[in-house]
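Welcome, and please open your viewer with the cartoon and side chains within reach. We will go from stop to stop, selecting as we go.

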Amino acid sequence: MDDPHVLLTNDDGIDSVGFRALYDALSEFAEVTAVAPSGDQSAVGRAMSREVEVTDHDLGYAIHGTPADCTVVGLEALCPDVDMVVAGCNRGANLGAYVLGRSGTVSAAVEAAFFDVPAIAVSLYVPGSDGEWQHAADQIEDYRNATEATTYLVDHALDAGVFDQAEYLNVNAPIWSEGDDLAPLEITEPSTLYDMRADRDGERISLTDNVWARMRDGDLPDPQGTDRRAIVEGRVSVSPLTAPHTTQHHEALDALAETYRD
């Protein structure tokens, strides 16, 4: 195909390092229009505003709203002729089935799928203790595994028919360091590991996602083929996913419906 037109968004904000890393990499071969939050909108899921303010930005448009807002505003009002939506690159991985509805990065891609526009969500796994990871990955070079994988997919996935089956791809890449080889790419499924904790101390209750500590300690039951296993072992995880919730014929529920109000 001709040079693709990409709507680039994220949830860390339009001025984040990961966003600029993807913008620069994609701009080497694609037309890129930035439609991204003006500030940090991490972990807002698919929250939607009724009205947003748009501000011109050197890269495109800064939206005073959520990542899902950015997708809708971009596809409906600012750049409706794009070939693909790319969301990222998020600082911090988005791994496992349970995070798909929480992540603003993934939610921007999901929103695109409802427009029948192919989408890729891209995140960077940054190891480290609590709080430490937030100060890492502050250089564009740190995102090289993510940018290399994403540019490859944007350049090839449409013509290869990837989006005939998948509606969006959830990509997670390891951080890159000088001297490292580029990480290989693995097609994965979201891990089903779930380990949320809630600890009460008087009138306060602390919620902790214990999976991150288990990843640091290597205490993971995730089998080969899952996104979390791939990323911990140093590979780029690519999970092909569909956006609408699916259902199956359910005989037990049919039976309940038949006896309702008998």
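Start by selecting helix α3, residues 104-114: ten of its eleven residues are buried, so the helix is largely enclosed by the rest of the structure. Bear in mind as you look that this is a predicted model. To colour the buried positions, pick Gly104, Thr105, Val106, Ser107, Ala108, Ala109, Val110, Glu111, Ala112 and Ala113.

What do the buried residues of α3 pack against? Add β1 (5-9), α2 (67-78), β5 (84-91), β6 (119-125) and β7 (168-174) to your selection, and you have the elements they contact.

Now look at the two ends of the helix. At the N-terminal end, show Ser103 as sticks: this residue caps α3, with a side-chain oxygen 3.1 Å from the backbone nitrogen of Thr105. Then move just past α3 to Asp116, where phi is positive, at about 60°.

Stay with the helix for the next stop, the second largest pocket, which holds about 280 Å³ of space. Of its 13 lining residues, those closest to the centre are Leu100, Gly101, Val110, Ala243 and His245. Val110 is also one of the buried residues of α3. Which element gives the most to this lining? That is α3, with four residues.

Next, select strand β9, residues 196-201. Is this strand well covered or hardly covered? Hardly covered: none of its six residues counts as buried. Bring in β10, residues 204-209, and you will find the two strands paired in the antiparallel sense over six bridges. To follow one of these bridges, pick Met196 and look across to its partner in β10, Asp209. Together β9 and β10 make a hairpin with two residues between them. In that turn, click on Gly202, which has a positive phi of about 65°.

For the last stop, show the cysteines. How many disulfides does the structure hold? Zero. Begin with Cys79, which counts as buried because its relative accessibility is 3%, under the 20% cut-off. The closest cysteine sulfur to that of Cys79 belongs to Cys70, and at 10 Å it is too far for a bond. A disulfide would need the two sulfur atoms within 2.5 Å. Then go to Cys89, also buried, with a relative accessible area of 1%. Here too the closest cysteine sulfur is in Cys70, and the 16 Å between the sulfurs of Cys89 and Cys70 is too far for a bond.

How values were computed. Residues are numbered from 1 along each chain as its sequence is written. This is a predicted model: local features need pLDDT of at least 70, side-chain atom pairs count only at pLDDT 80 or more; totals for chains, interfaces and linings use all residues. Side-chain values use heavy atoms; hydrogens and water are left out. Buried means under 20% relative accessible area, exposed over 50%, partly exposed in between (1.4 Å probe, protein chains only). Contact means heavy atoms within 4.5 Å. A polar contact is a pair of N or O atoms within 3.5 Å; within protein, one must be able to donate a hydrogen and the other to accept it, and residues adjacent in sequence count only if both atoms are side-chain atoms. Two strands pair if DSSP finds at least two bridges between them. On a 1 Å grid over the protein atoms alone, a cavity is a set of points where a 1.4 Å probe fits but cannot get out, and a pocket is an open set with protein on both sides within 12 Å along at least five of seven lines; lining residues have an atom within 4 Å of a point. Grid points are joined across faces, edges and corners, and a volume is the space filled by probe spheres set on the points.
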